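Trainee: I have not looked at this structure before. Could we go through how its parts are described?

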Amino acid sequence: MAALLKSLLAASEKAACIAQLCRQEEALFSLLIEEKRGADKNKKFLQDFKTLADVLIQEVIKHDVGQKFPELQDHIRGEESNKFENGLGETVVVQVCPTQQETAALLEKVLDRKQAAAELLAAAIHQEVVLSDPALDDVAVTISTESMAVWIDPIDSTNQYIRGRGDVLPVDGIYPSGLRSALVLIGVYNRHSGEPVLGIINEPFFKEKLPARRWQSKYHWGISYGGTRLSSLSRPQLRTSPRVVLSSNEKVALQEALTPLYGQQLCFASGAGYKMLCVALGLADAYVLSEGSTFKWDSCGPHAILLALGGGMVDLSEALKSWQAGQRKPLPELTYNKPVEGALGAERWANQGGLVAYIHREHLEAVMATLAAAANTF
Ligand code: 2IP
Ligand code: CA
Ligand code: CA
């Protein structure tokens, strides 16, 4: 009875396919980028690109999942707004229409009348995705969707997606940059408690196929619902020599504060979702972020997977406060149903206090003890 899981996985596969398509057609891709402005701009980057691929993917997931679960329809939200401005200055509301022809006609408007590109995308949007994954038939959990809501990041690590480097080599299993860090993130959470319940991470650029520049995707999922914890991944072992993954923009003061625990084992990678995936895969023991530069749509899906594996994701500044006050069990996990008071635009849904993603509780405690000892330095 894993109907919700299957529907979200199928939507994530379609999303991955659209992300691949937009990269494969270089001429098409160059048409699709538009600078984000004003309150919706991610403060971290001078230029943050909203791509049509992003908007389309979010709308496709909303449409496909909303059709199967009408009770969720008004509770599926994501990073992007579905208004898109074309080169002619026209604002078009991007949505999935009842037929492929209608969707193609709408997309043609966004694409400055480029018919072939619009038809290609419309075909990808209206394709039927059939999952052939026997493991899903064994998932015997029924999630009552009435009290659920969904966060989508249609493409995380947009900068790397746009740059499009497929040839970056991994360092100890972790890709520091490149297409590998561009992910589709979907998270289901409980609207009342704010807790993550189901998460999907889809890697559209998992493996390059022949002919070159064709890609194969891979998905991962996790469920943490009531007493049930299930995942496509297995719980990784605690590493003998601990390793942390950080943003390449992480403050030097935080890097120094972590040195007593990790020595030289500091790894850097792009993409908030990708760093969370590295923790879930056991390639790192923790992802520590000192700033509020991630959002609910970045962390909800990966957080559900970490919970399913017996780990989690805490609010760094709240956890440090609890730790210093001697209140250590449990440390405050991130929640997904409440906006930041007084904030505007995307900032309403920022994980304002930074975060720590972890698998092993004892490792989280080691991170907290190390940071608490250096708390006024970063
Ligand atoms: C971004 C993206 C960035 C990340 C940032 C996110 O989301 O994941 O890579 O910064 O926190 O908000 P960093 O790579 O330094 O971790 P998006 O690409 O969706 O804007
Ligand atoms: Ca993101
Ligand atoms: Ca994004």
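Mentor: This is a predicted model. Start with helix 4 (residues 100-110) and helix 5 (residues 115-126), whose axes come within 8 Å and cross at roughly 135°.

Trainee: Why are helix 4 and helix 5 called oblique to each other?

Mentor: Roughly perpendicular covers 65 to 115 degrees, and roughly antiparallel needs an angle over 145. The crossing angle here is roughly 135°, so helix 4 and helix 5 count as oblique.

Trainee: What is the handedness of the crossing of helix 4 and helix 5?

Mentor: That crossing is right-handed.

Trainee: Which residues in helix 4 meet helix 5?

Mentor: They are Gln 100, Thr 103, Ala 104, Leu 107 and Glu 108. Their counterparts in helix 5 include Ala 118, Leu 121 and Ile 125. The residues of this contact divide into seven nonpolar, four polar and two charged.

Trainee: Now the sheet. What makes strand 3 and strand 10 edge strands?

Mentor: The open sheet has six strands in the order 3-6-7-8-9-10, with mixed pairing. Strand 3 (76-78) and strand 10 (228-231) each pair on one side only. Neighbouring strands of the sheet are turned by 15° against each other on average, direction ignored.

Trainee: How do you know that strand 7 and strand 8 pair?

Mentor: Pairing takes at least two bridges. Strand 7 (residues 183-190) and strand 8 (residues 196-209) have six, in the antiparallel sense, so they count as paired. In one of these bridges, the partner of Val 184 is Asn 202 in strand 8.

Conventions: Residues are numbered from 1 along each chain as its sequence is written. Chains are lettered from A and ligands numbered from 1 in the order in which they are written. This is a predicted model: local features need pLDDT of at least 70, side-chain atom pairs count only at pLDDT 80 or more; totals for chains, interfaces and linings use all residues. Helices (H or I, at least four residues) and strands (E, at least two) are DSSP runs, numbered from the N terminus. Axes are lines fitted to C-alpha atoms, for helices over the stretch in contact, and angles run from 0 to 180 degrees between N-to-C directions. Angles under 35 degrees count as roughly parallel, over 145 as roughly antiparallel, 65 to 115 as roughly perpendicular and the rest as oblique. A crossing is left-handed if the near helix is turned anticlockwise from the far one by less than a right angle, and right-handed if clockwise. Two residues are in contact if their C-beta atoms, placed from the backbone, lie within 7 Å. Ala, Val, Leu, Ile, Met, Phe, Trp, Tyr, Cys and Pro count as nonpolar, Asp, Glu, Lys and Arg as charged, and the others, Gly among them, as polar.
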